[in-house]
Amino acid sequence: MTPRKALIVAVIVLFPLALHAVWDQWEASSFANEIMRIADRQELTDLSVLRRPLASAEQRRSASLYAAAAQLSSNLMAAEGGSQLYRIDFAVPDSSSSAAVAAATDVLARAEPAMSLLDLATPLDFAGFSTIAAELNENQFPLDTLNLQACLKADILSARGAGDDAVRYFVQAARLQRTMLIAFYRNQATVRLYGSVRILLNQGRPSPPSLLALQHTVEEWPDIDDVAAQLIRTRARLIDDVWHHPASGTGWAYRIQPWRGTDQGITFFLLRPLFTDLLRREVQSFDRAIAIAKLPLPDRFDAVRDFRRAEAAAPPAVRAMFTRTFGFPPAGLASGILANENPFGVRHLAFRRTIITALAIERYRADHDGNPPDALSTLVPAYLSAVPHDPFTTGPLTFRKTGDSYVVYSVDLNRVDDGGELYGAGSGKNAYPVRRDDLAPADIGIRVHLSSTR
Amino acid sequence: MNGLNDRDLEALLRKYRPASKRTSSTSAGRTWPWAIAASILIAVAFGLHGRVDHTESRVDEQRARAVLHGLDAGLDDSADGSVFAMWIAHREAVAARQAEEQQAALVPLGPDQGRL
């Protein structure tokens, strides 16, 4: 090979390789700097916090019991007949026929071991799954199935008028929420629990002590919306997937790793600088989403809408192409998470506050010959410490009485009072699944028929 | 052509040989690096395509659809809902693999081990 030919080979082969190496280094350093900036703000950059050893034997025991119960419950759901449990709604006659209930009862009989473990875990201190069941830090679907089974147990008892017995399962389901760090699963579980509360109050006839026990349990749910925290945790998951280095440095050897499920190969090596760049942009876009999530309610809704519009108007074409081809990094993740987490977070506040208020009203009725109060302020301070605010507006929750019922509600995502237009499990209008448009006339609330109770 | 002998004729032929022959030789010398570069590109392209088949199956599409179906806020038909559902399915797949790895790392108990 003549020197001229060798030079040609060098230019064609080595120059692009050198260029690739420099580009790779540049992108890796930029990504490391981005992570360092996040760490400097004292925000989560990896999931090691979820894997921290548990402090006490009681915490380890509760984690083990919850994990075992969730595993049993998940196995049952995967078996034949489990999925039908999702379709039963005792407020809708068609979906709670005697045949359907008998079949569900049969499935639930096999859920007894899981329920027993759940019962043991409920009173114990819980501080996370740590490494005892690390998979439940990410996949909390088994916990949701456990919640479903507890709620159905409660529904069956409520339908028989055995509200006091049902409350035991409610307390288990309500306490189970502390294990659900991911808002998606928590939302699924809460929607189901909410339906069961509606059925309990209309059919179960629980005694005042049972109502008080349930009210105290629901009051343990934090009265803060954690949308920003959810976004920060999601960003940490994204980083944790690919960055296995300390957040405090920009070491020359640091590079992103292939996300789980892909092999370290030539494709990843060649595209690594581009992937690193896309990931950095995705991580950066979380800054805006987190800032919006920290805005006070109800101003946040307009900011979320504007952010979604801006993202939709300028779709990240290259990122979208890579997502389609490689499944990762997910294009528009920050916008997608914010658009979903915000309703989850704010609705959870509405669920919490309306449940507590309805339970307080029922306790008031028990002391006043079945008559509901004239206004929510009447409940303070004997039954409520204060009248809860509607998280979707700046005012209090809405309370309306008609001749044979009362309803307490929040105005939901459209932020318009639709006169108590309820939906979802236990509302009597539509069983699972519930699918609504954001701006459709809808309220989140509990209606109790006076004639059917007390 | 009178006066030309064989030697003169050969000299003239060497001097005025067909231009195409010379061009062909030069072209071959310039083409082979491009051929190598093209081969590399083809190999890379095949490599990329070969890899895509493996990576596309990582996210459980069925689970992503189930998550999408379960979203209760009417966001399920939007791009935001799709991204969200894919993300949840991805994380669940990661968790499943972690659980499998943990299981695989467990040392099976012997007949006398694990007794209280």
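**Close-up views of a predicted model**

**View 1. Chain B, helix after helix.** Follow chain B along its sequence in this predicted model and you get the pattern α-α-α-α. That is four helices and zero strands. Of the 116 residues in chain B, 28% are buried. Its accessible surface comes to about 8,400 Å², and carbon and sulfur atoms account for 59% of that.

**View 2. A nonpolar patch on the surface, with residues from chains A and B.** Look for A:Val13, A:Leu14, A:Leu17, A:Ile266, A:Phe269, B:Ile36 and B:Ile40, which together offer about 570 Å² of accessible area. Helix H1 (3–40) and helix H10 (266–293) of chain A each give two or more residues to the patch, and so does helix H2 (19–56) of chain B. Which helix gives the largest share? That's H1(A), with three residues.

**View 3. Zooming in on A:Leu14.** This residue of the nonpolar patch sits in helix H1 of chain A. Is A:Leu14 buried or exposed? Its relative accessible area is 51%, and the cut-off for exposed is over 50%, so A:Leu14 counts as exposed.

**View 4. Helix H13 of chain A, from end to end.** H13(A) covers residues 333–367, which makes 35 residues. At 1.5 Å a residue it should span 51 Å, and its end C-alpha atoms are indeed 51 Å apart, so the two values agree. Now check its surroundings: 33 of the 35 residues are buried, which means the rest of the structure largely encloses this helix. Just after H13(A) comes A:Asp369, which takes a positive phi of about 55 degrees.

Methods:
Residues are numbered from 1 along each chain as its sequence is written. Chains are lettered from A and ligands numbered from 1 in the order in which they are written. This is a predicted model: local features need pLDDT of at least 70, side-chain atom pairs count only at pLDDT 80 or more; totals for chains, interfaces and linings use all residues. Side-chain values use heavy atoms; hydrogens and water are left out. Buried means under 20% relative accessible area, exposed over 50%, partly exposed in between (1.4 Å probe, protein chains only). Accessible areas come from the Shrake-Rupley method with a 1.4 Å probe; for residues, only the protein chains shown count as cover. Patches are made of residues with over 30% relative accessible area and no salt bridge: like charges are joined within 9 Å, nonpolar side chains (Val, Leu, Ile, Met, Phe, Trp, Tyr) within 5 Å. A salt bridge is a side-chain nitrogen of Lys or Arg within 4 Å of a carboxyl oxygen of Asp or Glu. The expected span of a helix is 1.5 Å times one less than its number of residues.
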